[in-house]
Amino acid sequence: MTTSQTRVRQHIGGHWADSRNGRTFESLDPWSGDVVATVAAGDQDDTRAAIDAAHRAFPSWSESLPFERQRIFLRAADIVERRRAEVLSLLARETGCTWHFGDIQLDFTLSLLRQSAALPYGALGQMMPSDQPGTRAMAVRRPVGVVAAIAPWNAALTLTGRAIAAPLALGNTVVLKPSEEAPACGALWAEIFAEAGMPPGVLNVVTHAPGEAALIGEELVANPLVRRLNFTGSTVTGRRLAEAAGRHLKRVLMQLGGQNPMIVLEGVDLDYAVDAAAFGAFVHQGQVCMCARRIYVERAIADEFAERFAAKVTGLPFGDPSDPATVIGPVINQWALSTISRRVDEAVAGGARVLAGGTPKPPCYPATVLTDVPDDIELAFDETFGPVVVLTVVEDREDAIARANASPFGLTASVLAANSVEGFEVARRVSAGIVHVNDQPVNDEPQMPFGGSKDSGWGRFGVGFAAEDFTELQWVTTRDERREFPF
Ligand code: ADP
């Protein structure tokens, strides 16, 4: 269906289905332009059917025994492991993902599934002390019902996986809307879980044509049977969804964009800092929300850092993502390529200097470093989803912290210093949901409290933290004795 065949159908109520309207679209390989799959172009009708199927499946799934749920997750992990090469190939073909980033996604996914397998055995609540004699009071976590998951294309396997794994393991049923840029990767999840023995209707996948995400999104937000929504994507789309969710009083978990700072302090091991910055800025051709977008270097080491960094970045090979030697694969589509080019050109026209890259090589954009970028240029203040990083010299660490925090975003940050104590003193003053000292900002492990602050969103993915968003806390009391009432 997905990796083996070129037809992607929707997965609704345990069946593979074309869209009700009969339309399809083509998912294209960003490197070759070849058709990866012909995909069902679903709409509100399919979404409603998927929500209904998920709603019907909820009572028995939420009451299933922990060992039944655990077994499905462990089997799913084994299936991913068995199909590793095939999944890596699909990631490369559908999303331009290089082998090294594919490996990162695969390892994360195996760990995510195996950790999620323990969730059904998590404690469900606490006993609460009560001042009512004879009352037993509890705070009990219960699954919420149907959870909608909207995922992006960039880390198509992991970001879709984390959007569904904990909600499912906690006893919810799910309607997944993968990105129009990675529908086969989204449908792959339904295939894996179906083979692992997931009952029909527990995980449903609705796919749609480019430009039609809102048809699905509006239904997911407005339909009263959907009790929670999690979204990973751009701040622009997240804001729109959160506004709509507010109208429907629907709780949403938002994982949005980043404009992530990396602070490089005097005394650091410069070679290490250069390697860390190159990975942090350019992994998956800079198409990761956690990528370093702004590097602040203390003046005393700025020239040396800039020279070594530019030399390293200039040598990063770009091209075919299926070639294991490739570091920078293609960007996802023509629109993305032209946005990156336009923003770099605007910066250069505004006085920026190009230290590396700076010229598109379609369908790739080579790794690019700019400096002297004016603060009011889009590249300086907005997330640019591609392999471009802005290097800025700062006078001292106070200046670095002030600049790092002068952004509406707050996803990740990193500080590179002579030692971890010095780095931590700076890191703890940076306003971001995630900060790494003596590491670059692109890190994820399934158990970590992953999430942003400010315009980068709210809520935390993370296997042990997901219950906060994907269960309802219910206060329950029980009594056997009669109690006295005032009248
Ligand atoms: P990205 O730049 O990562 O593609 P988007 O926010 O555009 O960021 O996309 C992330 C996810 O949000 C994708 O699944 C996309 O289809 C979806 N999306 C885009 N617009 C809407 C919308 N109006 N309603 C619901 N989902 C949307």
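## Strand pairing around S12

Two strands count as paired here if DSSP finds at least two bridges between them. Keep in mind that this is a predicted model. With that in hand, look at S11 (residues 226-232) and S12: the two run parallel and are joined by 5 bridges. One contact to pick out is Thr 232, which sits opposite Gln 255 in S12.

S12 also has a partner in strand S22 (residues 457-458), this time antiparallel, with 2 bridges. Gln 255 turns up again in that pairing, where its bridge partner in S22 is Gly 457.

## Crossover and burial

Helix H8 (residues 235-247) belongs with S11 and S12 in a β-α-β unit, and the unit is right-handed.

How many of the 5 residues of strand S12 are buried? The count is 4, so S12 (residues 251-255) is largely enclosed by the rest of the structure.

## A small mixed sheet

Over to another sheet: 3 strands, ordered S1-S5-S4, make an open sheet with mixed pairing. Its edges are S1 (7-8) and S4 (24-28), each of which pairs on one side only.

S1 runs parallel to S5 (residues 35-40), and 2 bridges hold the pair together. Within that pairing, Arg 7 stands opposite Thr 38 in S5.

## A nonpolar surface patch

On the surface, Leu 65, Phe 67 and Tyr 121 make up a nonpolar patch, and their accessible area together is about 310 Å². Phe 67 is part of helix H2 (residues 66-82).

Why does Phe 67 count as partly exposed? Its relative accessibility is 41%, and the partly exposed class lies between the 20% and 50% cut-offs.

Note on methods:
Residues numbered from 1 in each chain as written. Predicted model: local features only at pLDDT ≥ 70, side-chain atom pairs only at ≥ 80, totals over all residues. Heavy atoms only, no water. Patch = residues over 30% accessible without salt bridge, like charges linked within 9 Å, V, L, I, M, F, W, Y side chains within 5 Å. Areas by Shrake-Rupley, 256 points an atom, 1.4 Å probe, with all protein chains shown as cover. Salt bridge = Lys/Arg side-chain N within 4 Å of Asp/Glu carboxyl O. Buried < 20%, exposed > 50% of the residue type's maximum accessible area, 1.4 Å probe, protein only. Right-handed = clockwise from strand over helix to strand, strands pointing away.
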